[in-house]
Amino acid sequence: MIHKIKALYDEGNGLKIRAIARQLGLSRNTVRKYLRMDEAAIEVKQSHRERRKQLDAYRDYIVTLLRQFPNLSAAKVLYKLQQKDPGLKVSERSARRYVRRLKETVIQCQKRYY
């Protein structure tokens, strides 16, 4: 994306910021931000896009629980985590999302036979 923006801008000789934003479907502020940054800083920023989650610290424990009890619900996982660490402040919705992603990626789904 940054290469498109810089090519369209062409050091001030190409399209204006507003035209670039309209053409690429971006905000003008986003286009300005990318034009101010050098390419190395943008690559570093884009390579670290994954956000850290509070439950990442408990990932191994959750995986162990899910391997022992594959049908364990996210609410039960959250309950066990809160028993282990009473100071943990995570919403139920966040726990459900996190456990669902772990079940999809880490835990092997059981085959169903009909």
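Here a trainee and a mentor talk through how to read the helices and domains of a predicted model.

Trainee: Where do I start? How many helices and strands are there in the protein?

Mentor: Start with a simple count, and keep in mind that this is a predicted model. The protein has seven helices and zero strands. Walking along the sequence, you get the pattern α-α-α-α-α-α-α.

Trainee: Okay, and what domains does the domain assignment give?

Mentor: Domain 1 covers 1–48, and domain 2 covers 56–109. Next, look at the spacing: the C-alpha centres of domain 1 and domain 2 are 40 Å apart.

Trainee: What is the radius of gyration of the protein, set against a compact globule of 114 residues?

Mentor: For a compact globule of 114 residues you'd expect a value near 13 Å, yet the protein has 22 Å. You can also picture a box: along the principal axes, the C-alpha atoms fill roughly 60 × 45 × 25 Å.

Trainee: Now the helix pairs. At what angle do α1 and α2 pack?

Mentor: For any pair, check the angle, then the handedness, then the residues that touch. Helix α1 (residues 2–9) and helix α2 (residues 17–24) pack at about 140 degrees, and their axes are 10 Å apart. Angles over 145 would count as roughly antiparallel and 65 to 115 as roughly perpendicular, so α1 is oblique to α2. The crossing of α1 and α2 is right-handed.

Trainee: Which residues make that contact of α1 with α2?

Mentor: From α1 it's K4, I5, L8 and Y9, and from α2 it's I17, I20, Q23 and L24. Sort the residues of this contact by type and you get six nonpolar, one polar and one charged.

Trainee: Let's try α5. How do its axis and that of α7 cross?

Mentor: Helix α5 (residues 59–68) and helix α7 (residues 92–105) have axes that come within 11 Å and cross at roughly 65 degrees. α5 passes α7 in a right-handed crossing. R59, I62, V63 and L66 of α5 touch Y98, V99, L102 and K103 of α7. That contact divides into six nonpolar, no polar and two charged residues.

Trainee: And what about α5 and α6: at what angle do their axes cross?

Mentor: At roughly 130 degrees, with the axes of α5 and helix α6 (residues 74–84) coming within 11 Å. That makes α5 oblique to α6. The crossing of α5 and α6 is right-handed. On the α5 side the contact uses Y61, I62, L65 and L66, and on the α6 side V77, K80, L81 and K84. By type, the contact of α5 with α6 has six nonpolar, no polar and two charged residues.

Technical notes:
Residues are numbered from 1 along each chain as its sequence is written. This is a predicted model: local features need pLDDT of at least 70, side-chain atom pairs count only at pLDDT 80 or more; totals for chains, interfaces and linings use all residues. Side-chain values use heavy atoms; hydrogens and water are left out. Domain bounds come from an automatic or database domain assignment. Axes are lines fitted to C-alpha atoms, for helices over the stretch in contact, and angles run from 0 to 180 degrees between N-to-C directions. Helices (H or I, at least four residues) and strands (E, at least two) are DSSP runs, numbered from the N terminus. Angles under 35 degrees count as roughly parallel, over 145 as roughly antiparallel, 65 to 115 as roughly perpendicular and the rest as oblique. A crossing is left-handed if the near helix is turned anticlockwise from the far one by less than a right angle, and right-handed if clockwise. Contact means heavy atoms within 4.5 Å. Ala, Val, Leu, Ile, Met, Phe, Trp, Tyr, Cys and Pro count as nonpolar, Asp, Glu, Lys and Arg as charged, and the others, Gly among them, as polar. The radius of gyration is taken over C-alpha atoms; the globule rule is 2.2 Å times the number of residues to the power 0.38.
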